[in-house]
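Please open the model in a viewer and keep the selection panel at hand. The tour below proceeds from one selection to the next.

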Amino acid sequence: MKDISHCKIIHIKREASDKGSLSVLESEESIPFDIKRIYYTYDIPSNALRGGHSHIKQHEVVIAVSGSFEIVLDNGKEKESIFLNNPAKGLHIIPGIWRELRNFSTGSVVLVFASDVYTEDDYIRNYNKFLETI
Ligand code: TYD
């Protein structure tokens, strides 16, 4: 069983000026894996439930680049809810953690950096199967 506390908030550098803010992520510096894929979700209804899966090997870093939402992390025994609303913070989700994203604000954009290319073989989308694997 994975330890939820190994899913850590990553503090992303922020260059703020009167022209606005700029944040930078560099693979070896701020993301704890080599980035193989970037994806983002948007146009999300506030009542949508996203996620609802765990990964076998893949690591992800999730950032609320716009708006806010809640991520519920679940290791099969304990749950922890994390609220993301700051584009200068990311959440590193390790493999073996079930995640659900919910309570999306209007206009929220979920940016995800992943350690691997998309392959459905790395997903567990059935919660009972997830419980069997831990
Ligand atoms: P899904 O993993 O269910 O999204 P979320 O976890 O945000 O709720 O993915 C939605 C659909 O998009 C599903 O049919 C798989 C597809 N998809 C890709 O084709 N490539 C990708 O990199 C991802 C993340 C999803």
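**Strand β9 and its partners**

Select His11 and Lys89: within β9, Lys89 is the bridge partner of His11. The model is predicted, so local features need pLDDT of at least 70 and side-chain atom pairs count only at pLDDT 80 or more, while totals for chains, interfaces and linings use all residues. Residues are numbered from 1 along each chain as its sequence is written, and side-chain values use heavy atoms, with hydrogens and water left out.

Extend the selection to strand β1 (residues 9-11), which pairs with β9 in the antiparallel sense over three bridges. Strands are DSSP runs of E, at least two residues, numbered from the N terminus; two of them pair if DSSP finds at least two bridges between them. Next, add strand β6 (residues 60-66), joined to β9 by four bridges, also antiparallel. Here Glu60 has Ile93 of β9 as its bridge partner. Strand β9 (residues 89-93) has four of its five residues buried (under 20% relative accessible area, 1.4 Å probe, protein chains only).

**The ligand**

Now select the ligand and its shell (residues with a heavy atom within 4 Å): Arg37, Tyr39, Arg50, Gly51, His53, Tyr118, Tyr123 and Arg125. Display distances to ligand oxygen atoms: a polar side-chain atom of Arg50 lies at 2.9 Å, a backbone N or O atom of Gly51 at 2.9 Å, and a side-chain N or O atom of Arg125 at 3.2 Å. Finally, colour β5, which gives the most to this shell, with three residues.

Definitions and conventions
A polar contact is a pair of N or O atoms within 3.5 Å; within protein, one must be able to donate a hydrogen and the other to accept it, and residues adjacent in sequence count only if both atoms are side-chain atoms. Buried means under 20% relative accessible area, exposed over 50%, partly exposed in between (1.4 Å probe, protein chains only).
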